[in-house]
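Q: I'd like to learn how to read a few features of a protein model. Could you walk me through them, one at a time?

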Amino acid sequence: MARVASLYLPQLAIERLRRLERTAAPPERPWSPAPILPPSIDDEPGACSVPRGGGWRPGARWAQGGLGREGEAERIAALPAHQQPPMRLLGRRSEPVEHPFRAMPSDEGGRGSARAAMPTAALGTLPWGRPTVLIERIGQREVVTAACPVALALDLVPGMAAAHARALVGDLDVRDADAGGDQAWIDRLALHAVTHWTPIASPSGADGIWLDLTGTSHLHGGEVRFCARMLRFLARIGFTGRVGVAGTAGAAHAIARFGGEAVTILAPGAEAAALAGVPIAALRLEPQALAAAARFGLERVGDLYPMPRGPLAKRLGLSTVTRLDQALGRAAEPIVPVIPFEAPEVSRRLLEPIATPEAIAQVITDLVDDLVAVLRARGLGVRAAVITAERVDGADQHLGIGASRATRDPRHLVRMFGLKIDRLEPGLGIEAMRLVVPHSEPLGARIAGALIPDSDAQPDLAPAIDQLAGRAGEDAVFRIGLEQSDVPERAVRRLGALAEPQGWPAWKRPVRILPRPELLSHVVALLPDHAPRRFTWRGKPYRVIAGDGPERIHGEWWRTDRELWAVRDYFRVEVDGGQRFWLFRRGDGVVPETGDLSWYLHGFFG
């Protein structure tokens, strides 16, 4: 059962601008319907003191404070002496009187209507300094594309002409829209969703993303908790959103934008009933189809249900029928997910099938040259590359190589492919070849060799290691590294051929360690701290002429209960003939729980 979520960001453009304002400059003072200005002396007495469209007539700047006679005198007296205006400039202002001008009534264009229309809570917590809108030039007109909550409260809505918006609100902050920046944020959110929420997510227009929750919602505690978590994440980064979850992408898209709730989750099979009351615009129809629907009096999606498909397609277009079927689940609407990383790939399709080694080698050389250009443009190097040869009979042949260090040297890549070219079976002929780099790493520019070579420079072993791995196999060339464990057989691990092992212990260890310790027989040793005098290994007796030890190693009790009391005493011994072995005894020779006193050979020195 498919489940699709649609995340709708209604204020993406304006909230993204708000994020930029927060990082670039401190926030402005809260906006209020009447600008709060101090009752000071006019710097430009002839200029208009209130912006166009304000609630006070010209000349009323100082009167908006509403201090009155006593308040004005107290304010002037409270100022420092160097800030108090001289009497010759104060004039009648030292004896303030009631201002003859009054606030304009709301029906004459004053701001009383705007104040009444705006919620009281919003007036005290507005994050914007002024009403702000974003405009975009469409043809010869400038149209409002987004508006902040303050502008929306003043009846400035997207789609309005910018000139009309400026006429309604004089102190309007008008800025250019950045559609590219908004789309970049949508792509970034979709990429975050793919890497953190669900493997299938895709941008949904310029204001939302689709998320396929099929088989993934239980990982987040269910659909309800997933939606809540997603909205909390958006709130932390400064965005508001609405989420709709339904069985189809079209239904989720519609209820997220026209549902009216922050989270709307439809039960399976309830898409038709939920979409019946939403406007037809929720189906993502073309403008011509919306105009035709309005002409025929079709307003809701439910109005389309009883109409026959033939007349509906003829009047509103075939795309309307397709969108309706997709929203109701009658037609498939696959979501093309964003890919976090697109592997570099080049291909060649041949005019005639090829089967000779020379022709195949030439095509490989051409593919490598094309690939190097792509890698250089993206600043990447090859760590693993795979060639896919498409045969005439439809059977594909694959040839892969690996590099110990990121490289984009074309000669080196061609040489490594040449070592394995005999593994390709062309059959009746190869008609196309494709070269893909599934594993790449960043690789910047390197300094070329100097005119005078440096004798202290270390030779680059990567090409030689890659050729050895190509001949003997990738598992045949490696280094030994240290693993954090006291038990010797667990203390080493394989590393890459160019890796630098670190943290080797100070005590001596044998050159070669057996995968599993081998049991010794006929051991003669003096307990508890002496090396053995003789022993038999693989049916051959050995006599010890020198020994050193013991080195006690305790079991790792946190791994298994069997090693809770386990003890090993290791000895380095030399036998007749010069061979040196690394032996150990299970148990300390005193406490029976530490081991059964059996002897084992674990490694060889020299």
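Q: Which residues have the most contacts inside the largest nonpolar core?
A: In soluble globular proteins, nonpolar side chains tend to gather together in buried positions. In this predicted model, the largest such core has 26 residues, and those with the most contacts inside it are Ile-360, Ile-364, Phe-417, Met-433 and Leu-435. Two or more residues each come from β9, α15, β10, β11, α16 and β12, and α15 gives the largest share, eight residues.

Q: Which residues does Ile-364 touch, leaving aside those up to four places away in sequence?
A: Ile-364 touches Ile-387, Phe-417, Ile-421 and Met-433. There is also a second, separate core of 25 residues, which includes Leu-7, Leu-213, Phe-226 and Val-245.

Q: At what angle do the axes of α13 and α14 cross?
A: They cross at roughly 120 degrees and come within 6 Å, which means α13 is oblique to α14. On the α13 side, Arg-309, Leu-312, Ala-313 and Leu-316 meet Leu-318, Thr-320, Val-321, Leu-324 and Asp-325 of α14. By class, that contact has six nonpolar, one polar and two charged residues.

Q: Which peptide bonds and phi values should I check in the backbone?
A: Most peptide bonds are trans, and most residues other than glycine have a negative phi. Here the bond from Leu-527 to Pro-528 is cis, with omega near 5 degrees, and Pro-528 lies in the loop between β16 and β17. Another cis bond joins Gly-549 and Pro-550, with Pro-550 in strand β18. As for phi, Arg-538 has a positive value of about 55 degrees; this residue is in the loop between β17 and β18.

Notes. Residues numbered from 1 in each chain as written. Predicted model: local features only at pLDDT ≥ 70, side-chain atom pairs only at ≥ 80, totals over all residues. Heavy atoms only, no water. Core = buried A, V, L, I, M, F, W, Y, C linked by side-chain atoms within 4.5 Å. Buried < 20%, exposed > 50% of the residue type's maximum accessible area, 1.4 Å probe, protein only. Helix = DSSP H or I, 4+ residues; strand = E, 2+ residues; numbered from the N terminus. Contact = heavy atoms within 4.5 Å. Axes fitted to C-alpha atoms, helices over the stretch in contact; angles between N-to-C directions. Parallel < 35°, antiparallel > 145°, perpendicular 65-115°, else oblique. Nonpolar A, V, L, I, M, F, W, Y, C, P; charged D, E, K, R; others polar.
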